[in-house]
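Student: Got a minute for this one? Let's go through the ligand site, then the backbone.
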Amino acid sequence: MLVTNKIQGIEGKITVPGDKSISHRAVMLASISKGTSSIKGFLRGEDCISTISCFRGLGIDVEDKGEEIILHGKGLYGLREPEGVLDAGNSGTTIRLLSGILAGQEFLTIVMGDASLRKRPMARIAVPLRKMGAMIEGRDKGNLAPLVIRGGNLKAIDYTSPVSSAQVKSAILLAGLYGEGDTIVREEIVSRDHTERMLKALGANIKTENGIVTVGKSELHGEEIHVPGDISSAAFFMAAAAAMPKSHLVIEGVGLNPTRTGIIDVLKEMGADIEIDNLQEKAGEETGDIIIKGKKLQGISIGKEIIPRLIDEIPVIAVIAATAEGKTIITGAEELKVKESNRITSMVTELQKVGIKVKELPDGMEIEGSNSITGGRVESYGDHRIAMAMAVCGLFANGPIEVANSGCIDISFPDFQKTLKTVTK
Ligand code: S3P
């Protein structure tokens, strides 16, 4: 169990672990590239380890050398039929993106997941992948894992995604590498574009115009891939420091891809003092140092347009909104209901347990500002981002907050507690 207490401020310089989305993609794309790839800054969280184990099951040789992961890619058609069931664990990105690659393989694969993943919707990828010609079956007419996939002989599609989801977009683009013709994916609001960037870096025939992505049959070649720090992990520290007067925190080497920086925009709109330094581009992704000085923040309205750029940061935004002056309203975020837990219900329930005035909305929540936060025992629902958000809540509370089942933090940020200790005073 993780226990956090009220602190005076957050001070120091930290780094955060590698970006989860980019780490998954590095292993997947390197596996279907020709030649050897070196992956530096890889996140050794449970989700990305699940991706490695799935690709080992598909016959890929992955060596963990500490500083780097060396992966011997076998090209688009070098994967082999796994002898057993592949396990995606808790990871939606693993099962959905992997399904896109498996749609291009003529052999049979079964992919399972943990109790949380087995409740999450898979029709969003199964429907377009079937349109391309793959056979995908599962419980609930193919909507729930375990999934059984036999692919091959794909044809290109022009698909308008009903949800702004990088996992859906990526699954189709990866299948598109195997399809006859140009595969096109359109989204109403553009989701994170790490797949497109990495595909381009590895030599794919891909282009993006006005948010519409087109990919053709391509060969990929192995590369050196640098994974920047994960802005979604940095967000817990960024938000806490921004909302706590007397804080001064530097987070070095964070990924600043514009499809991910909604958290910075929202914090600034709430009045936060945030600057970016040392801006660079590494292997097609922007990185930089984030400098945060703490102050009292103001409540704001957060609507649909920005949600895909901060979808994973909403739990911690809800926490600091409770400490801000005035009300914060979050809408257009119904996708939160199908994450590792129903993150609207989870957050509303747990915030209420520690005395915060918050109301659940069908597509978000409404948080009163200037709450007096009490201590208490809260639940994580086995959801890493709920656990870390509630741990941040304890830093502002009048009594200790105990986060039960906090082991799930290892999914994305194994050193969270250690990092927190180094900057709290
Ligand atoms: C991810 C995309 C997002 C995000 C998830 C990681 C990815 O999910 O919430 O944590 O790596 O593509 P959706 O694509 O379902 O929005």
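Tutor: First, the classes: Ala, Val, Leu, Ile, Met, Phe, Trp, Tyr, Cys and Pro count as nonpolar, Asp, Glu, Lys and Arg as charged, and the others, Gly among them, as polar. This is a predicted model, where local features need pLDDT of at least 70, side-chain atom pairs count only at pLDDT 80 or more, and totals for chains, interfaces and linings use all residues. Residues are numbered from 1 along each chain as its sequence is written, and side-chain values use heavy atoms, with hydrogens and water left out.

Student: OK. By class, what does the shell around the ligand have?
Tutor: Two nonpolar, four polar and four charged residues.

Student: Which residues surround the ligand?
Tutor: Ser21, Arg25, Thr93, Ser165, Ala166, Gln167, Arg192, Ile311, Asp312 and Lys339. Near here means a heavy atom within 4 Å of the molecule.

Student: Which helices each supply at least two residues of that shell?
Tutor: Helix H1 (20-31) and helix H6 (166-176). Helices (H or I, at least four residues) and strands (E, at least two) are DSSP runs, numbered from the N terminus.

Student: And which domains does the shell draw on?
Tutor: Domain 1 (2-18 + 228-423) and domain 2 (20-226), with at least three residues from each. The bounds come from an automatic or database domain assignment.

Student: What about polar contacts to the ligand?
Tutor: The term means a pair of N or O atoms within 3.5 Å. A polar backbone atom of Gln167 is 2.9 Å from a ligand oxygen. For a polar backbone atom of Ala166, the distance to a ligand oxygen is 3.0 Å. Thr93 uses a polar side-chain atom, 3.3 Å from an oxygen of the ligand.

Student: How much of the ligand's accessible area does the protein cover?
Tutor: 95% of the 390 Å² that the ligand has on its own. Those areas come from the Shrake-Rupley method with a 1.4 Å probe.

Student: Switching to the backbone. Which peptide bond is cis?
Tutor: Ala145 to Pro146, with omega near 0°. Pro146 lies in strand S9 (residues 144-150).

Student: And what is the phi of Lys141?
Tutor: Positive, about 55°, although Lys141 is not a glycine. Lys141 is in helix H5 (residues 139-142).

Notes: Polar contact = N/O pair within 3.5 Å; in protein donor to acceptor, adjacent residues only side chain to side chain.
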